[in-house]
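Welcome, and please open the model in your viewer. We will go from stop to stop, selecting a few residues at a time and looking at what is there.

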Amino acid sequence: MGLHDSRYGFINTCLKSLVVEKYGEETWEKLRIQAGVQDTFLTFEVYKDEITMQLIDKACKMLDVPPDMVLKQFGEFFFEFCKRSGYDHMLRTLGGNLYEFIENLDALHSYLSLSYQEMNAPSFRVEKNEDGSMHLHYYSDRRGLCHIVPGIIGAAALDFFNTEISMEIVNQTEEEERTGKKEHIVFLVTQKPVFSYKERNKFSSSPQYIADSGRQIEKQLNKEIRDRTSLVSVCPAKKNHWETIRGIVTLGRGKLLRGFDPAYPTTLWIDTKTFCNGLPFHVVFDEELRVKQAGVSIQKIVPGLQTMGIRLDHYFSIVHPEVTFTISSVQKFINSQFVFRTRREMMPESWKQRPMLELRGQMIWMESLQCMLYLCSPLLRTLHELEERQMHIADIAPHDVTRDLILLNQQRLAEMELSNQLERKKEELRILSKHLEEEKKKTEALLYAMLPKHVANQLKEGKRVEAGEFKECTILFSDVVTFTNICTQCEPIQIVLMLNSMYLRFDRLTTVHDVYKVETIGDAYMVVGGVPVPVSTHAERVANFALGIIIAAKEVTNPVSGKPIQIRVGIHTGPVLAGVVGEKMPRYCLFGDTVNIASRMESHGVPSKIHLSPTAYYCLKDKSFEMTERGEIEVKGKGKMHTYFLIRNRTATENEIMGNPIKESDSDHESVQEKRGYGQKRNEGSHRQLSSRRRDRSSSREWRKGWAA
């Protein structure tokens with residue numbers, strides 16, 4: 001649990017999870033784009049600190065939340081995220097109370113650094129106060145992240161020890177005794193237990209509660225004895241006598257059980273040689289850092305230690321905690337694990353090319369001798385590191401678990417590398433899947449442009465699409481007037497550009513009026529209303545579409561004359577048979593006499609006019625369309641027919657016909673059209689009809705007026 005170690009992807013992944021869970025995927029997407037970072041982070045990949053800082057900074061601005069609140073919330077979430085990620089058991093076993101938990105965080109970081117070699121974790125030192133509060137010293141190389149600490153420690157106290165805490169900063173400086181860490185924050189930590197009413201009743205009558213009461217009695221006795229004693233510890237980190245030998249007092253079954261009281265021999269039954277061989281990695285030094293005693297293996301690795309009385313700081317530097325090498329600094333951090341590194345300049349010439357050896361262990365102050373005992377082991381992560389220093393497993397004492405740790409970590413690093421490779425492959429597959437999904441959408445969009453959606457879906461599923469009969473639909477044909485003459489006088493590319501410009505406008509109008517584009521052949525454009533999904537408003541939709549394409553054609557230039565092109569439009573209503581034809585380039589085609597008559601209406605039409613058959617006229621007769629009679633004409637293959645011209649939609653503006661955004665000034669204009677109302681609406685499920693759009697907008701204006709009032 002490397003606290004806010006922003007070098008590894010684990011931290012950034014946690015930050016992403018927080019934003020996604022609290023604010024949603026869209027917020028995370030906006031945040032990462034603003035911060036200019038990638039979407040995913042690999043757990044064992046090393047990233048720059050700037051990525052985390054940038055994300056936090058942008059989150060504060062986007063959510064309009066102060067940085068200290070964001071960091072505290074992140075700290076709380078980070079604790080939960082660590083538990084979810086498999087660190088729950090490891091965290092729970094750090095200590096039996098909050099003091100022990102904090103005291104052992106550095107040890108946990110030291111263990112994790114065996115696997116996460118680039119980890120640069122903060123350091124903690126905790127001091128107990130007489131009133132039960134604590135002073136938590138926090139040291140970090142990263143400025144401005146101290147507010148994460150109350151979030152993490154608060155969440156851990158509540159979850160593991162059922163205790164609510166408050167943490168306030170009482171001092172913020174650069175610690176003089178530290179040589180590397182940039183920030184030193186001192187928190188005052190006060191805590192109180194959290195119990196619900198039921199829990200209080202339950203605990204007050206339980207044996208556990210009685211046991212806890214016994215401990216409280218013992219605490220009070222200890223305090224009274226401590227008050228009477230005149231002995232004051234001169235070392236701030238030294239545990240007092242009663243805390244060291246305090247036993248567990250249990251009240252129950254009428255018996256008072258005394259705590260554990262260790263027995264010490266009057267004489268030390270071990271000779272110096274055995275001690276130095278049995279503990280091959282240890283050093284005893286005095287207040288002036290002069291070596292008084294050293295284990296045999298450490299003498300072998302650092303030959304200078306064979307000369308007793310030399311200064312320890314001449315041969316070693318302190319790597320962790322980052323303090324100056326003085327006895328007072330060491331005493332101040334005596335509860336921390338100390339990591340020493342050999343100084344290259346003091347090594348024999350032939351050894352200077354080797355990597356320097358690091359030792360890790362604990363400091364024990366011996367008051368009677370006024371000396372410090374450093375019990376340590378080689379800090380080695382892999383067998384390769386052991387070989388680089390020309391050491392062997394035999395150099396480490398059989399009882400030292402460093403032997404097992406090296407072998408186990410060798411296996412763990414191999415597993416981490418495998419996990420990292422799998423994570424990379426997973427990320428590659430995710431990106432490929434995303435690209436595949438994008439290509440699939442493009443393919444589907446192309447397919448849906450060629451065939452009706454429900455027909456295309458049936459074909460994708462391998463089903464056969466049966467032909468369908470539609471008892472009534474409305475078909476429109478249009479073509480460009482004098483198109484043959486234009487083709488003979490222009491370059492092919494000019495024709496292509498002209499038709500493309502026209503068809504793009506027509507295609508947009510098919511969406512506006514919800515009609516289906518059947519096909520284009522040369523300059524001919526064919527649409528149908530009421531197919532493939534039957535609707536009762538098929539004639540109105542096609543009529544509005546026809547009015548739209550007459551207007552749109554005026555925006556397309558004739559490459560010969562330089563003037564707007566003219567089109568003929570013909571509409572007919574009747575029954576058709578529809579189905580998919582062919583396997584290569586399958587098309588959804590319409591069959592029946594209705595198609596022929598609609599084509600005849602277009603070919604017998606007049607430029608810039610919309611020619612209606614009798615059946616189309618009767619479908620539109622009682623609607624809001626203005627039509628005029630053309631009279632009886634001779635239609636090829638059909639004989640005489642009484643036909644009509646469509647002039648306009650009385651209730652629709654040009655903007656509404658064209659599907660353009662409507663200005664407020666237009667919508668507020670008082671007119672006959674406004675009073676009657678006109679717009680688009682969904683009819684029979686998912687289909688729109690122009691007649692309700694105006695009414696919806698009028699209702700919206702009334703709602704806005706009511707809100708303003």
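How many helices and strands are there in the protein chain? With the cartoon view on, you are looking at 25 helices and 22 strands. Keep in mind that this is a predicted model. The protein chain has 709 residues, and buried residues make up 44% of them. Contacts across the sequence are worth a thought too: among those between residues at least 6 apart, 61% join residues at least 24 apart.

**Stop 1: lysine 16**

Select lysine 16, which lies in helix α1. Is this lysine buried or exposed? Lysine 16 is buried, because its relative accessible area of 18% falls under the 20% limit. Now show what surrounds the residue. Leaving aside residues up to four places away in sequence, lysine 16 touches Trp28, Asp39 and Thr40.

**Stop 2: a cavity beside the helices**

Stay with α1 and turn on a cavity display, if your viewer has one. Rolling a probe the size of a water molecule over the atoms shows where empty space is left. The structure holds two cavities of 30 Å³ or more, and our stop is the second largest cavity, with about 80 Å³ of space. To find this cavity, select its lining: Leu15, Leu18, Val19, Tyr23, Ala59, Leu63, Val65, Val70 and Gln73. Three elements give two or more residues each to that lining: α1 (9-23), α3 (49-63) and α4 (67-92). Which element supplies the largest share of the lining? The answer is α1, with four residues. Colour the lining by class and you will find eight nonpolar residues, one polar residue and no charged ones.

**Stop 3: a four-stranded sheet**

Next, select residues 123-128 and 163-173, which are β1 and β3, the edge strands of an open sheet. Across this sheet the four strands follow the order β1-β2-β4-β3, with antiparallel pairing. Strands of a sheet pair through backbone hydrogen bonds, either parallel or antiparallel. Each of the edge strands β1 and β3 pairs on one side only. On average, neighbouring strands here are turned by 25° against each other, direction ignored.

Now add β2 (residues 134-140) and β4 (residues 183-193), an antiparallel pair held over seven bridges. For one bridge to look at closely, pick methionine 134, whose partner in β4 is valine 189. Then select residues 148-161: this is helix α7, which lies across β1, β2, β3 and β4 and runs at about 155° to β3.

**Stop 4: serine 336**

Move on to serine 336, in the loop between α13 (327-332) and β10 (338-342). Serine 336 counts as buried because its relative accessible area, 7%, is under 20%. Not counting residues up to four places away in sequence, serine 336 touches Asp106, Phe124, Pro321 and Gly361.

**Stop 5: a six-stranded sheet**

From the loop, follow the chain into β10. This strand belongs to an open sheet of six strands, ordered β8-β7-β12-β11-β10-β9 with antiparallel pairing. Which strands stand at the edges? They are β8 (291-294) and β9 (316-320); each has a single partner strand, so one side of each is left without a neighbour in the sheet. The twist from one strand to the next averages 30°.

Select arginine 341 for a view in two directions. On one side, arginine 341 in β10 is the bridge partner of serine 317, where four bridges join the antiparallel strands β9 and β10. Arginine 341 also stands opposite glutamate 358 in β11, and β10 pairs with β11 (residues 358-366) over four bridges, again antiparallel.

Continue to β12 (residues 371-378), which pairs with β11 in the antiparallel sense over eight bridges. Here tryptophan 365 has methionine 372 of β12 as its bridge partner. The hairpin of β11 and β12 has four residues between the strands, and in it glutamine 370 takes a positive phi near 55°.

**Stop 6: one more hairpin**

Finally, select β16 (residues 567-581) and β17 (residues 587-591), antiparallel strands joined by five bridges. Leucine 577 stands opposite phenylalanine 591 in β17. Five residues lie between the strands of this hairpin, where glycine 582 takes a positive phi near 90°.

Definitions and conventions: Residues are numbered from 1 along each chain as its sequence is written. This is a predicted model: local features need pLDDT of at least 70, side-chain atom pairs count only at pLDDT 80 or more; totals for chains, interfaces and linings use all residues. Side-chain values use heavy atoms; hydrogens and water are left out. Two strands pair if DSSP finds at least two bridges between them. Axes are lines fitted to C-alpha atoms, for helices over the stretch in contact, and angles run from 0 to 180 degrees between N-to-C directions. Contact means heavy atoms within 4.5 Å. On a 1 Å grid over the protein atoms alone, a cavity is a set of points where a 1.4 Å probe fits but cannot get out, and a pocket is an open set with protein on both sides within 12 Å along at least five of seven lines; lining residues have an atom within 4 Å of a point. Grid points are joined across faces, edges and corners, and a volume is the space filled by probe spheres set on the points. Ala, Val, Leu, Ile, Met, Phe, Trp, Tyr, Cys and Pro count as nonpolar, Asp, Glu, Lys and Arg as charged, and the others, Gly among them, as polar. Buried means under 20% relative accessible area, exposed over 50%, partly exposed in between (1.4 Å probe, protein chains only).
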